[in-house]
Amino acid sequence: MKFLRYGEIGAEKPGVLDAQGNIRDLSGVVPDIAGSVLADLPNVDPESLPLVEGTPRIGAPVGQVGKFMCIGLNYSDHAAEAGMDLPKEPILFMKATSAIVGPNDPVVLPRGSVKTDWEVELGVVIGKTAKYVDVENALDHVAGYCTANDVSERAYQTERGGQWTKGKSCDTFGPIGPWLVTPDEVADPQNLDLSLDVNGTRMQTGNSKAMVFSVAEIISYLSQMMTLHPGDVIATGTPPGVGMGMKPAVYLKAGDIMELEVAGLGRQRSHVMQDA
């Protein structure tokens, strides 16, 4: 099934997509797509739910995110693009949950930004608490998958001292969604096409089979160090084609349009704006 959250920022309601692509209201069944609901997502007939009229804003498909974790250099072809050796273990950095926005919300360049970049990624949402899980059972802890954009200010990330988190956590730098797609609709998370366009020009093309560490390996690895809770989000890395890797480098500017997609998980369209 394809779950989603719709409505104004801070007042999103739970919904589900029907076979015709219409939004059905799920608020009579669950209070939100968040927390303990993710461990047992409702199995309902969308046609039996009220139809949502119009074209409401689509929010992030999961609420109350506790941790937003990201894996760096996790595509072999992206590591080659960056001129870096393949990591021996997953590279983990955190992204502030305050960066999370809906899939079609504006991405706002912070004041002084000159090197904001794009990164289409496969997002994984944890559904069941995971602690010390092995690789073979790791995917049992997944509530679903989603499209994610790990927007990154490269100067903040690499030129301002400290950790990558600085360049990853600006407001609006975490568009996720439009949907949370349950595992039964994702035949193989290690064989999903990813793409990203800027102003209609293809920048990124890849497939999750190029991951250095699989989704199962990432979940197992992280669970050895911290408990993963329902609603935690993992962005699993990006394929080649980021602006930083181009010669010369290309970065986002106000007025740009990013369109990105992970096959079967839905499409995002973000208008880039400049903060006042």
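## The aromatic pair

W164 is partly exposed, with 28% relative accessible area. The model is predicted. Across the whole structure, a search turns up one aromatic pair. It joins F93 and W164: the ring centres are 5.3 Å apart and the planes meet at 65°, so the geometry is edge-to-face. The cut-off behind that label is a plane angle over 60 degrees.

Where do the partners F93 and W164 lie? F93 is in strand β5, residues 91–94, and W164 is in the loop between α3 and α4 (165–168), so the pair ties together parts 71 residues apart in sequence. F93 has a relative accessibility of 7% and therefore counts as buried. W164, at 28%, is partly exposed. A charge-over-ring arrangement involves another aromatic residue: R160 lies over the face of Y156, 5.1 Å from the ring centre.

## Nonpolar cores

The largest nonpolar core holds 43 residues. Those with the most contacts inside it are L122, Y145, I219, I234, M258 and L265. Several elements each supply at least two residues, including the strands β4 (68–72), β7 (107–109), β9 (120–126) and β10 (142–149). Also among them are α3 (154–158), β14 (193–198), α5 (215–223) and β17 (257–262). Which element gives the most to this core? α5 does, with five residues.

I219 shows what the packing looks like at one position. Setting aside residues up to four places away in sequence, I219 touches V124, I126, V133, A138, L139, V142, L228 and I234. A second core, separate from this one, has 25 residues. Its members include V65, C70, A148 and I176.

## N149, a buried polar residue

Is N149 buried or exposed? Its relative accessibility is 1%, so N149 counts as buried. N149 sits in strand β10. A polar atom of the N149 side chain lies 3.1 Å from the backbone nitrogen of E119.

N149 has other neighbours too. Not counting residues within four places in sequence, its contacts include W118, E119 and V120, together with F173, G174 and P175. L196, M258, L260 and Q268 are also in contact with N149.

## Cysteines without disulfides

How many disulfides does a search of the whole structure find? Zero. Why is C70 not bonded to C146? The sulfur of C146 is the closest cysteine sulfur to that of C70, but the distance is 11 Å, too far for a bond. The reverse holds as well: the cysteine sulfur closest to that of C146 is in C70, at 11 Å. The cut-off for a disulfide is 2.5 Å.

Both cysteines lie inside the protein. C70 has a relative accessible area of 1%, so it is buried. C146 is buried at 0%.

## The loop between β3 and β4

S36 lies in the loop between β3 (23–25) and β4. V37 lies in the loop between these strands as well. Their surroundings contrast. S36 has 65% relative accessibility and so counts as exposed, whereas V37 is buried at 13% relative accessible area. Beyond its neighbours within four places in sequence, V37 is in contact with V30, P31, D32 and P42.

Two C-alpha distances place these residues. V37 and V65, 28 residues apart along the chain, have C-alpha atoms separated by 13 Å. S36 and T201 are 165 residues apart along the chain, and their C-alpha atoms are separated by 41 Å.

## Backbone geometry

Which residue forms a cis peptide bond with G177? P178 does, with omega near 25°. P178 is in the loop between β12 (174–175) and β13 (180–181). K247 and P248 are also joined by a cis peptide bond, with omega about -5°. P248 is in the loop between β16 (233–235) and β17.

Positive phi values occur at non-glycine positions. Q64 is not a glycine, yet its phi is positive at about 55°. Q64 lies in the loop between β3 and β4. With 63% relative accessibility, Q64 counts as exposed. N199, likewise not a glycine, has a positive phi of about 55°. N199 is in the loop between β14 and β15 (201–207). At 44% relative accessibility, N199 counts as partly exposed.

Conventions
Residues are numbered from 1 along each chain as its sequence is written. This is a predicted model: local features need pLDDT of at least 70, side-chain atom pairs count only at pLDDT 80 or more; totals for chains, interfaces and linings use all residues. Side-chain values use heavy atoms; hydrogens and water are left out. A nonpolar core is a set of buried Ala, Val, Leu, Ile, Met, Phe, Trp, Tyr and Cys residues joined through side-chain atoms within 4.5 Å. Buried means under 20% relative accessible area, exposed over 50%, partly exposed in between (1.4 Å probe, protein chains only). Helices (H or I, at least four residues) and strands (E, at least two) are DSSP runs, numbered from the N terminus. Contact means heavy atoms within 4.5 Å. Rings of Phe, Tyr and Trp (its six-membered ring) pair if their centres lie within 6.5 Å; planes under 30 degrees apart count as stacked, over 60 as edge-to-face and the rest as tilted. A charge sits over a ring if NZ of Lys or CZ of Arg is within 6 Å of the ring centre and within 35 degrees of the ring normal. A polar contact is a pair of N or O atoms within 3.5 Å; within protein, one must be able to donate a hydrogen and the other to accept it, and residues adjacent in sequence count only if both atoms are side-chain atoms.
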